[in-house]
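Reader: I'd like a close look at one helix and whatever packs around it, and then a stroll through the rest of the model. Could you take me through it in plain words?

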Amino acid sequence: MASYFTEIKQLPPDPLFGLKARYTADPRSDKVDLGIGAYRDNNGKPWILPAVRGAEKKLIESPGYNHEYLGISGYEPFLTAAAEVILGANSRAISESAIVSQQSLSGTGALHLVAVFLNEFFAGNKTVYLSKPTWANHHSVFLSAGLKVDTYPYWDAENKKLDIEGFVSTIQNAPQGSIILLHPCAHNPTGLDPTPAEWNRILDAIAERKHLPIFDSAYQGFASGSLEKDAASIRTAIDSGKISSPIFVCQSFAKNVGMYGERVGALHVILPAGESAESKETLKSAIKSQLNKLTRSEISNPPAYGAKIVATVLTDPESRKQWEEDLVTMSSRIIKMRNELKLKLIGLGTPGTWDHITNQTGMFSFTGLTPDMAERLEKVHGVYLMSSGRASVAGLNDGNVDKVARAFDEVIRFCSKSKL
Amino acid sequence: MLRRSTRPFSVATRLAKWNEIPLAPPDKILGISEAFQKDTNSKKINLGVGAYRDNSGKPIVFPSVKKAETVLLEKETDKEYTGIIGSKKYQDSVRNFIFNNSGKDASGAQLIKEGRIVTAQTISGTGSLRVIADFLKRFNSAQNIIVPKPTWANHVAVFTDAGLSADFYAYYDKENNDLDFANLKKSISDAADESVILLHACCHNPTGMDLTPEQWEEVLAIIEQKKLFPLVDMAYQGFASGSPYKDIGLIRRLNELVQEGKIPTYALCQSFAKNMGLYGERTGSISIIAESGSQAKAIESQLKKLIRPMYSNPPIHGSRIVETIFSDENLLSEWLADLDSVVGRLNVVRDKLYQKLDKTNYNWDHLLKQRGMFIYTGLSAEQVIELREKYSVYATEDGRFSISGVNEHNVDYLADAINQVIKK
């Protein structure tokens, strides 16, 4: 009898899922989950955005509602509105019609498409430079598509700030025509973003070395509450016209519309300024047809429901207004929690400096806690965060921030003492 | 690495081989839809689309699905990520629906009990085919698959893009508009041992012609003897008989053979696109039947590793509809009735069309043997083109007609058009 698959080894569970499983199994009633990558309201509950609820009702009750297949590129009203929200209505890319958009399975799906596409068609240095550290999945997205991966310095652990010199010099020293992955805002996992002046240095270095930038936009509007502010780095890169390479933008609506599980996202390929009209159209058709081909043999066509909801949220004036309010609700609650945690730690006289907690933006804070501190937090206090020290600020609320601050204080003092 | 370009002023062409990106050919079926949209003839008929249309030619939402969506709108409390391979509830619902078969499949129930069936939610049928293709590329000793000729237009691309080599086995006799069973057996017997073999569970796409239970026995005997790996694609469960519980004879038989140790393992790709009308929501699954419970756990962990960098996790709207329907007995029986009436309408128009076709010079009996959403007319490409140009009847040039585009209002017109084209 034939025996199949004998070489298959069972893999350890994803660390984040392991953390979640231990949290769920913990019987302590005052346990705190700072591992989750999804927004929680002030009661610690998941939150369906009022804008989304309204759009769902409108959609499902509309007379033409159906579940038909979308085209391979996706839902056109969604793609147009998505490009406009990330690039800005006055973008050069839009006025010059220099964009090819493909709906994707949220951010990961967009990154995967870029990876496979570049592996097939990019003639530069097929190495993707990722920030160190970066989102846990970035490495495997690019490696599994056949590209090489390298890193640029990002987090200066000693000073708990951005290592901008290391960042820029690595870009300058990378082989000409490399691929650089950038987090446009709310860097995951550190929450630390470059200032506008620092962005200029980064983009200049990319332009100078003729690198190809990929922006992974997962938190537009979620970081600051402002859609414009959180997209500024992308818009500068495109509108300044200094970057001679095509620019890839991977856009997810998981966090900012709170539609995590609906997998709504897009890939936008923006062609450089100065292409002749004829060559631009030829390129656009070719790129679109190849993205379609890749999509067709992996998923046939992208999921409809989430794209229709997001299209409604973006284009229906009432829903749009509600959404922009929802963004402020989420971002301001998170900013408030950052402040409270910092003030409480300062109040407790906890060893160390805590300005980085409020300098960071988005869902996460890179606390600077060490793996042994994280372990003790979990065991002794029932506070769960990644061993890297990444804490989801969305897990904090008025009811638990005091407990978390005291727990941080205890483990920091305990672990510092045991090292002496 | 930098290449010389014929267009030196374009930096893009210097840096990337943009100018070498060939224009990929457009999808054939979509091309037909576009031409149909542009046609101004009020009598035009679209027979290209593989989605259900009601008697007035409109898309429908199954009433049971609409109810499930209303329930979700009221009760859903989050839109959070599901697991990499979907929720446990979805996996259990699907596994129970297919392999326990409403309590009628003892072998399947035993496999579930032994923890030997890994089920993962996927991006509908295509996504499940792609995931199993990638999986087989990584872990199967054989790196080739044989598929029926003809088969669904996308099958070969899915497998070859994943790095498997694909070849055909004989299936259909175009001369006689019938299954080519003798050559089917012969070409399967001639395939390399341990090859992967793609089987359509029912309503073969595009021919609509399925094997009888007796013919399946003969094929399964060859599969056993040659140690082929059966990969079953089930896109139309319920469209043959009207009942999803009746259309899975092949699955029940495979489960028996697995229990008897005659076939060690197989895989099933399945979707709710057609039988729940969830087309665009991309709701389906892959199930792999492992040789042991521990192997099943290893396979599951590898599926997660494979899916995570592709798209992290599948979309929840469709899967929550499925979960809602399967966890409510009333909704479940409503869905079964919805499906039965959809299939009933297709059978009615199939019969009507058959009655109205001119049989003096053309044998149309194959129409009555074919099942599912399509009829495989046997018309030549020239005849299909003539139908399009003279009568605004749009179909793919292989002569496959989607019968869901036919209804009481256009069946006479369609039959006349076909009769005219055939007369020549």
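Author: Sure. Keep in mind that this is a predicted model. Let's start with what sits over helix H3 of chain B. The cover over the buried residues of H3(B) comes from both chains: it includes helix H2 (50-61) and helix H12 (304-315) of chain A, along with helix H12 (316-326) and helix H13 (329-356) of chain B.

Which residues of H3(B) are buried? They are Ser64(B), Val65(B), Ala68(B), Glu69(B), Leu72(B) and Leu73(B). There's a handy rule for reading a list like that: an α-helix has 3.6 residues a turn, so residues three or four places apart point the same way. As for the helix itself, H3(B) runs over residues 63-75, which makes 13 residues. From first C-alpha to last, H3(B) reaches 18 Å, close to the 18 Å expected at 1.5 Å a residue.

Now for the partner from the other chain. The axes of H2(A) and H3(B) come within 11 Å and cross at roughly 160°. That angle makes H2(A) roughly antiparallel to H3(B). On the H2(A) side, the contact is made by Arg53(A), Glu56(A), Lys57(A) and Ile60(A); on the H3(B) side, by Lys66(B), Glu69(B), Leu72(B) and Leu73(B). Of these, Glu69(B), Leu72(B) and Leu73(B) are also on the list of buried residues. The crossing of H2(A) past H3(B) is left-handed.

Chain B has another helix pair to set beside that one. Helix H15 (residues 381-391) and helix H16 (residues 411-423) of chain B pack with their axes 10 Å apart, at an angle of about 125°. H15(B) and H16(B) are therefore oblique to each other, and H15(B) passes H16(B) in a right-handed crossing. Who meets whom there? H15(B) brings Gln383(B), Glu386(B), Leu387(B) and Tyr391(B), while H16(B) offers Tyr413(B), Ala417(B), Ile418(B), Gln420(B), Val421(B) and Ile422(B).

Still in chain B, have a look at Ser402(B), which sits in strand E13 (residues 400-402). With a relative accessible area of 0%, Ser402(B) is buried. Setting aside neighbours within four places in sequence, Ser402(B) is in contact with Leu47(B), Gly48(B), Val49(B), Gly50(B), Met373(B) and Phe374(B).

Over in chain A, helix H5 (residues 106-121) is a good one to check with a ruler. Its 16 residues should span 22 Å at 1.5 Å a residue, and its end C-alpha atoms are 23 Å apart, which agrees. H5(A) is mostly covered, with 13 of its 16 residues buried.

Pro184(A) is in a loop, the one between strand E7 (179-182) and helix H8 (196-208) of chain A. Is Pro184(A) buried or exposed? At 5% relative accessibility, Pro184(A) counts as buried. Not counting residues up to four places away in sequence, Pro184(A) touches Trp199(A), Phe215(A), Asp216(A), Ser217(A), Asp230(A), Ser233(A) and Ile234(A). Gly347(A) lies 163 residues from Pro184(A) in sequence, and their C-alpha atoms are 33 Å apart in space.

Last, the records. An unreviewed UniProt entry lists "domain: Aminotransferase class I/classII large" for residues 43-418 of chain B. The end C-alpha atoms of that span lie 14 Å apart, and the span is 46% helix and 15% strand. For chain A, the UniProt annotation of that name, also from an unreviewed entry, covers residues 30-408. There the end C-alpha atoms lie 15 Å apart, with 46% helix and 15% strand.

Terms used
Residues numbered from 1 in each chain as written. Chains lettered and ligands numbered in written order. Predicted model: local features only at pLDDT ≥ 70, side-chain atom pairs only at ≥ 80, totals over all residues. Heavy atoms only, no water. UniProt positions renumbered as here; feature names shortened; annotations may be inferred. Helix = DSSP H or I, 4+ residues; strand = E, 2+ residues; numbered from the N terminus. Expected span 1.5 Å × (residues − 1). Buried < 20%, exposed > 50% of the residue type's maximum accessible area, 1.4 Å probe, protein only. Contact = heavy atoms within 4.5 Å. Axes fitted to C-alpha atoms, helices over the stretch in contact; angles between N-to-C directions. Parallel < 35°, antiparallel > 145°, perpendicular 65-115°, else oblique. Left-handed = near helix turned anticlockwise from the far one by under 90°.
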